[in-house]
Amino acid sequence: MSYQIYRHKKHGHAGTIAASARHMMRTRPTSNANPARRNHVLIGSGDPAADVAALLPKVGERGSDGVLRRRANSVLAVEVLLTASPEWWQAASREQKRDWLDSSTAWLTETYGRTNIAHLQLHQDETTPHLTGMIVPIDPTTGRLNARRWLGGGEQCSKLQSSCAAAVSHLGLERGVEGSTATHQRVSQHYTELNRKFDGVTVECPPRILIDPERWQEQQRASVVRQIAPVTARARESIRAKRNAKAMRDTAHKATERAKQAEAARDAAKAVADRMRSLDLPDVLEALGLSKDKQSPESKETPCWKDHRHSIAVTNRKWWDHRAGKGGGGAIDLAMHVMEVDFKAATAWLAAQFGADRATADMSATLVRRANQQVKQAVEECPPFTPPKAVSANWTQVREWLIQVHGLPAETVDELHARGDLYADARRNAVFLARDQAGTVTGAELEGTVGAPFRGIAPGSTRAAGFFRLGDLKARAVYLVESAVDAISLWVMRRRDGDTDCAIISTAGAAYSVPLTLKRVLGSDVLRWCAYRADEIGDKAARAMASAGWSRHRPERGGTWNDQLRAEPSTGSQGLNSTPESALQSGKGSDSKKHAEDESSGIQERPPLSR
């Protein structure tokens, strides 16, 4: 069993902060560190103590309420350490290590607030890699130093341990036993014993006349113990797992029987609730490409979602399609109705979009025992994605829609159509094909051109398998947008600005993490821009991706890049292959980022996060 490890230490004086800073930056001897391995500063500078001082309120400074922001006994900084069990690091893949770094950094940022993290770095020069850093505990509600907000009492610290472990639970890591009696040996003492040499045991020859034989035997026994201390220390290290097991048994005896029964009841209730938690129908409708309608007569009584074929009202777990005169209950029935597919295809689609566990929750309680197997079978038996059939007779109307309504240049639309990435289907939808790195079609985005506008993905599409893309993935800069129309719009504007070395990728909706298939193909030195629409959802997604090195790029006019394109005047031909004479080789307003690979642990260096 592998554990996520989180520790913190409070500093109330500048002297202890400076001492810890010297250890972090290895400016003082560290016997257990390998100087051949690199450590990477993720947040802050090469002087952690100065980073802390830059965030601290000045002595005597008062807030707007007249109260001192920094008291004489305030905790000035909280030193944190995050790592995982050594055996996990030895067995983990490179992607798992990267995921651990991203998830742990995101947890720190969410827990303490990005502006409070003065310094953070990844130590890789020891046997077990770990994150270490300094946090200035400024209460966001008062602006004062207030470590108690996060570290107030044992219960609060226990919640931090649990929350930290939950952030990486998907990697097979757990928190230690809550309330365990296991003790933590001082690091300095641990390394002193391990580093002591062992040259064998020497026993003095007894004198001819022993005045006090018992005392002489005790002296020799103590001498032998001192001599074999290194061996004893190594033995203690080898039986660490047994000692932890004993601590777990002691923990079980600490709790009363009544407390154990109450905890078991809460766990059972939570397990049942998690298993039976159903999908929210509004989330399913949005994933299906329908948008909320606030103006129709039906929506005045109950929430209603519409596209050019449906007008669906939702009440709790029930739904009713006013246009079709048909209703039902649950997400599976809803997906079957909107996509016009059978039970297995609808279940497979829900499993791909929201996860198999949540899809199974919509089945009847009598089928819970067989639900997981049914979902797995449905995913396996569902046929591969088949692109919607192109109908050339509908292309003229779809083309005019893209040019007149969205303001896309005719040259660009025609070139996309000529190479087969954009066409019209039987329902007069604009079909934008998504491809993987090899160019294989993996799915399609749909843009409705009849009736109320809608956007969605075709049945069988998987957002993580491939993307609608413009440009080469080996380009200098990569932009993520939410739709194919936005991808074309941003591409046109980048070409107008002379940027010929970029790639625009549509993720068919705001993603809160970078799909693994995309992570694998991006170069280490590529500039990463999260260019989602200018609203709360786009900003939230950008914050979630910041720890992975993605910077925010927002539209300046309107909410989307298409809004901005339509607000700007056209400047001549904007074909896919047109290159303005003033083409810039380095792009505008982009900061260079360096990503270095450390072969010892397989974790890439992150650029410092901007304050």
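A salt bridge here is a side-chain nitrogen of Lys or Arg within 4 Å of a carboxyl oxygen of Asp or Glu. By that rule, the count for this structure comes to 21 salt bridges. What you're looking at is a predicted model, in which local features need pLDDT of at least 70, side-chain atom pairs count only at pLDDT 80 or more, and totals for chains, interfaces and linings use all residues. Residues are numbered from 1 along each chain as its sequence is written, and side-chain values use heavy atoms, with hydrogens and water left out.

**The chain overall**

- The protein chain has 22 helices and 22 strands, taken as DSSP runs (helices are H or I with at least four residues, strands are E with at least two) and numbered from the N terminus.
- Of its 611 residues, 41% count as buried; buried means under 20% relative accessible area, exposed means over 50%, and partly exposed lies in between (1.4 Å probe, protein chains only).
- Take the contacts (heavy atoms within 4.5 Å) between residues at least 6 apart in sequence: 64% of them join residues at least 24 apart.
- The accessible surface adds up to about 32400 Å², and 51% of that belongs to carbon and sulfur atoms; the areas come from the Shrake-Rupley method with a 1.4 Å probe, and for residues only the protein chains shown count as cover.

**How far to trust it**

- The mean pLDDT (the predictor's confidence in each residue, from 0 to 100) of the protein chain is 79, and 74% of the residues reach 70 or more.
- Residues 181–188 stay under 50 in pLDDT, and the model gives them 9 contacts beyond four places in sequence.
- Residues 579–611 are also below 50, with 86 contacts in the model beyond near neighbours in sequence.

**The six-stranded sheet**

- An open sheet of 6 strands runs in the order β2-β4-β5-β3-β1-β6, with mixed pairing; two strands pair if DSSP finds at least two bridges between them.
- The edges are β2 (40–43) and β6 (173–174), each with a single partner strand, so one side of each has no neighbour in the sheet.
- At the β2 side, β2 and β4 pair antiparallel over 3 bridges, with valine 41 opposite glutamine 121 in β4.
- β4 and β5 form a hairpin with 6 residues between them; the two strands are antiparallel over 6 bridges, and leucine 120 has glycine 133 in β5 as its bridge partner.
- β4 is largely enclosed by the rest of the structure, because 7 of its 7 residues are buried.
- Moving along, β3 and β5 are antiparallel and joined by 5 bridges, with valine 78 standing opposite isoleucine 135 in β5.
- β3 is largely enclosed too, since 7 of its 8 residues are buried.
- β1 and β3 run antiparallel with 8 bridges between them; isoleucine 5 has threonine 83 in β3 as its bridge partner.
- At the other edge, β1 (residues 2–11) and β6 run parallel, joined by 2 bridges, and tyrosine 3 stands opposite glutamate 174 in β6.

**Helices around the sheet**

- Helix α1 (residues 14–24) lies across β1, β3 (77–84), β4 (117–123) and β5 (130–135), at about 150° to β5; axes are lines fitted to C-alpha atoms, for helices over the stretch in contact, and angles run from 0 to 180 degrees between N-to-C directions.
- Helix α4 (residues 94–112) lies across β1, β2, β3, β4, β5 and β6, running at about 155° to β3.
- Glutamine 90 sits in helix α3 (residues 86–91) and counts as exposed at 68% relative accessibility.
- The C-alpha atoms of glutamine 90 and threonine 128 are 8.7 Å apart, with their positions 38 residues apart along the chain.

**Salt bridges worth a click**

- Arg476, Arg494, Asp497 and Asp499 are linked in a salt-bridge network.
- Within it, arginine 494 and aspartate 497 meet at 3.8 Å, N to O; arginine 494 is buried at 9% relative accessibility, while aspartate 497 is partly exposed at 33%.
- Aspartate 535 pairs with arginine 533, their closest N and O atoms being 3.0 Å apart; aspartate 535 is partly exposed at 24%, and arginine 533 is partly exposed at 31%.
- Glutamate 61 bridges to arginine 69 with the closest N and O atoms 2.8 Å apart, and glutamate 61 is partly exposed at 29%.
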